[in-house]
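Here's a quick tour for anyone opening this one up for the first time. Have the view ready and follow along, topic by topic.

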There are 4 protein chains.
Amino acid sequence: SSKDVAKPSGRVFAPYAIFKGRAALSVEPVLPTFTKVEHGNLRIDRRGSVMMTFMPASGERKYDWQKRQLFALSPTEVGSLISMGSHDSSEFFHDPSMKSSNAGQVRKSLSIKPLAEGNGYFITLTVVNTILNTNDRFVVPVTTAEFTVLKTAFSFALPHIMGWDKLTGQAGTAAE
Amino acid sequence: SSKDVAKPSGRVFAPYAIFKGRAALSVEPVLPTFTKVEHGNLRIDRRGSVMMTFMPASGERKYDWQKRQLFALSPTEVGSLISMGSHDSSEFFHDPSMKSSNAGQVRKSLSIKPLAEGNGYFITLTVVNTILNTNDRFVVPVTTAEFTVLKTAFSFALPHIMGWDKLTGQAGTAAE
Amino acid sequence: SSKDVAKPSGRVFAPYAIFKGRAALSVEPVLPTFTKVEHGNLRIDRRGSVMMTFMPASGERKYDWQKRQLFALSPTEVGSLISMGSHDSSEFFHDPSMKSSNAGQVRKSLSIKPLAEGNGYFITLTVVNTILNTNDRFVVPVTTAEFTVLKTAFSFALPHIMGWDKLTGQAGTAAE
Amino acid sequence: SSKDVAKPSGRVFAPYAIFKGRAALSVEPVLPTFTKVEHGNLRIDRRGSVMMTFMPASGERKYDWQKRQLFALSPTEVGSLISMGSHDSSEFFHDPSMKSSNAGQVRKSLSIKPLAEGNGYFITLTVVNTILNTNDRFVVPVTTAEFTVLKTAFSFALPHIMGWDKLTGQAGTAAE
């Protein structure tokens, strides 16, 4: 099998970034990869995600890219975010080394909490690394307008990170 | 006339699967087929659907694909599902042999019922086969996040299973 | 200038039809046409629409295509339909000969009225022809599921009948 | 680096226009531009927008294009508009010369205010030019149907002006 066969062309970088006083949040979809299977067909190999990149502020309108931390939202986590009402909360937990011998060494949690007035959210990423003995925390307040951009763009991206935009060559099968 | 002319290329498999304790549910769109008609035009031949595949659990994190049962949602049934509020129910009945001499031998019913707390649904497929004298039942609890993925992906898929994504070559006609 | 240059390929027919006891309703988008202007650019020439075709029943599961009547929803009328809540009404009036010497000879009105229980709508087309001295009336009850298909498919179609799906070759201009 | 490499083909003009008694409003997306970076990849260079063009009425069904004023909605401003409920207001302020020596010479403000009955909005653009000593004001009342067209078309356009429709060639990276 050969990976990433679907489109060998170059990547396009078009992050949507929200710059705030203490940290910045940048989001961008990551598409799934496909594997060739029998009869020239393709099967989804690794699911896509929406990658969130957090950077701490390092001065006025400056952010330290070296100290960034990532959090990749799965399709179901994207579904959770886009279904949030203006007074709802969400929290997701990731372990980048899950199911390996390093499990538990790094723990990430992403929390989305509504502002008291219902006019936006606090998006907070916490990364605890028990090997490096570090504890990073990023807080980005987002307005309703910015959250609407996230929801609309994530809704657009969801079928793409699921690979459903590639289904247009599929012939029908018998009705059930 | 020649069938499936629209895209002769290979199929792409990208199911969205929800794995739960007693059963798994996997969904995937099935595109319509087209027939060539006069003047090189195309007419929709067999409508598309969203195929739901249910598999019973056969051990921890294992599911028995041999014992799977299918249920193909029509465009109107997709419309019913995506319009459901958090306290609504739906139920659909299919007979795979409808209008043939085998009508009534197999009866399928798909039920979607809200959880008491409004934070998800039970999706249940029942298949009664009076020839084999079998009665299969699959119950998959889905969270609000998972149901939002279904609704968003089904809304994306709906124009495609209707064949409306192929209309871009169409010239306008006189206003009425 | 040359018309319909955007896509010279054949048409694709993929109506969504609702068959009821007294009449059937079939809907399908009609794309805009474009005219070549200076520098190889294109300008929208005639806006698109969503064409509604009504046919009276002529027997069990039979409909008389010869007696069909058409009603073409403009982008703004599509906007009106897709913003309807479950208890809202809409009514649109068309004169196919508006601004010509035949104005007023044929009057069409499309009415969408909610069912008392809020679980669907009556869609009614009335066509009064003062020349032929005819008065045709079609009534199609649609369920919430069918109306959701109409809303979802019309929302998908709206940017296409506006010509906004063709804007992807457009270079940016100075910010204002 | 070379600009606007993504699609060298001609522009397509497909504005959606709302003509009212005192002024007209025409809207159209403006796509982002991209710059080639290393490895044949592309990076977004200048973000896109939704351009709003206001023209004063100069007679019956006539509008003075020479006296037009522009207002380019950013992705976040588009997010603000599409999240508006029927009783919400929005106001945006632009300075076309921001961060230059001419800052403050021209001040634009766009206001969207609900009608008392909740059945539409007043969209008002004010442009104060302290050099020319002019003060232009355009008021366009829009119906719920027209505003629904704006919201639906802007939601469609949002991923395109963000450049997310170009991400389909992107290979996945390691999960985080």
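A salt bridge here is a side-chain nitrogen of Lys or Arg within 4 Å of a carboxyl oxygen of Asp or Glu. Keep that in mind for Lys20(B) and Glu146(B), whose side chains meet in one. One caution up front: this is a predicted model. The briefing looks at how chain C meets chain B, how chain B meets chain A, and then at a few features inside chain B.

**A salt bridge inside chain B**

- In the background, side chains of opposite charge can pair when their charged atoms come close.
- Lys20(B) and Glu146(B) make such a pair, with 2.9 Å from N to O.
- Lys20(B) sits in the loop between β2 (16-19) and β3 of chain B, while Glu146(B) belongs to helix α2 of chain B, so the pair ties together parts that are 126 residues apart in sequence.
- How many salt bridges turn up over all chains? A search of the whole structure gives 8.

**Where chain C meets chain B**

- Chain C brings 37 residues to this contact and chain B brings 30 residues.
- Together the two chains bury about 3000 Å², and 64% of that is on carbon and sulfur atoms.
- On the chain C side, the residues losing the most area to chain B are Arg11(C), Val12(C) and Phe13(C), which together make up 22% of what that side buries.
- Don't go looking for salt bridges across this interface: the rule finds 0. What the rule does find is 6 residue pairs in polar contact, both residues at pLDDT 80 or more.
- Four elements of chain C each supply at least two residues to the side touching chain B: β1 (12-13), β3 (23-30), β8 (69-73) and α2 (144-161).
- Which element gives the most to that side? α2(C) does, with 11 residues.
- Sorted by type, the residues on the chain C side are 19 nonpolar, 8 polar and 10 charged.
- Strands pair up across the boundary too: β5 (residues 42-46) of chain B runs parallel to β1(C), and 2 bridges join them.
- Within that pairing, Leu42(B) has Val12(C) as its bridge partner. Val12(C) is also one of the three residues that lose the most area to chain B.

**How the copies are related**

- Turn chain C by 90°, with a shift of 0.0 Å along the axis, and chain C can be laid on chain B with an RMSD of 0.0 Å.
- The two copies are therefore related as by a four-fold rotation axis.
- Which residue of chain C comes closest to the rotation axis? That's Phe156(C), with its C-alpha at 6.1 Å.
- Only 5% of the interface residues of chain C are also interface residues in chain B, so the copies meet through different surfaces.

**Where chain B meets chain A**

- Here, 37 residues of chain B touch 30 residues of chain A.
- Chain B and chain A bury about 3000 Å² between them, with 65% of it on carbon and sulfur atoms.
- Arg11(B), Val12(B) and Phe13(B) account for 22% of the area that chain B buries against chain A, more than any other three residues.
- The rule finds 0 salt bridges across this interface, along with 6 residue pairs in polar contact (both at pLDDT 80 or more).
- On the chain B side, two or more residues come from each of β1 (12-13), β3 (23-30), β8 (69-73) and α2 (144-162).
- With 11 residues, α2(B) gives the most to that side.
- That side of chain B divides into 19 nonpolar, 8 polar and 10 charged residues.
- Strand β5 (residues 42-46) of chain A pairs with β1(B) in the parallel sense, over 2 bridges.
- Look for Leu42(A) opposite its bridge partner in β1(B), Val12(B).

**Strands inside chain B**

- β9 (residues 90-94) and β10 (residues 106-114) of chain B pair in the antiparallel sense over 5 bridges, and Glu91(B) has Ser111(B) as its bridge partner in β10(B).
- β10(B) also runs antiparallel to β11 (residues 120-129) of chain B, joined by 9 bridges. There, Ser109(B) is matched with Thr126(B) in β11(B).
- β10(B) and β11(B) form a hairpin with 5 residues between them, and Gly118(B) in the turn has a positive phi of about 75°.

Terms used:
Residues are numbered from 1 along each chain as its sequence is written. Chains are lettered from A and ligands numbered from 1 in the order in which they are written. This is a predicted model: local features need pLDDT of at least 70, side-chain atom pairs count only at pLDDT 80 or more; totals for chains, interfaces and linings use all residues. Side-chain values use heavy atoms; hydrogens and water are left out. Contact means heavy atoms within 4.5 Å. Buried area is the accessible area (1.4 Å probe) that two parts lose on being put together, summed over both. A polar contact is a pair of N or O atoms within 3.5 Å; within protein, one must be able to donate a hydrogen and the other to accept it, and residues adjacent in sequence count only if both atoms are side-chain atoms. Ala, Val, Leu, Ile, Met, Phe, Trp, Tyr, Cys and Pro count as nonpolar, Asp, Glu, Lys and Arg as charged, and the others, Gly among them, as polar. Two strands pair if DSSP finds at least two bridges between them. Copies are superposed by least squares on the C-alpha atoms of residues with pLDDT of at least 70 in both.
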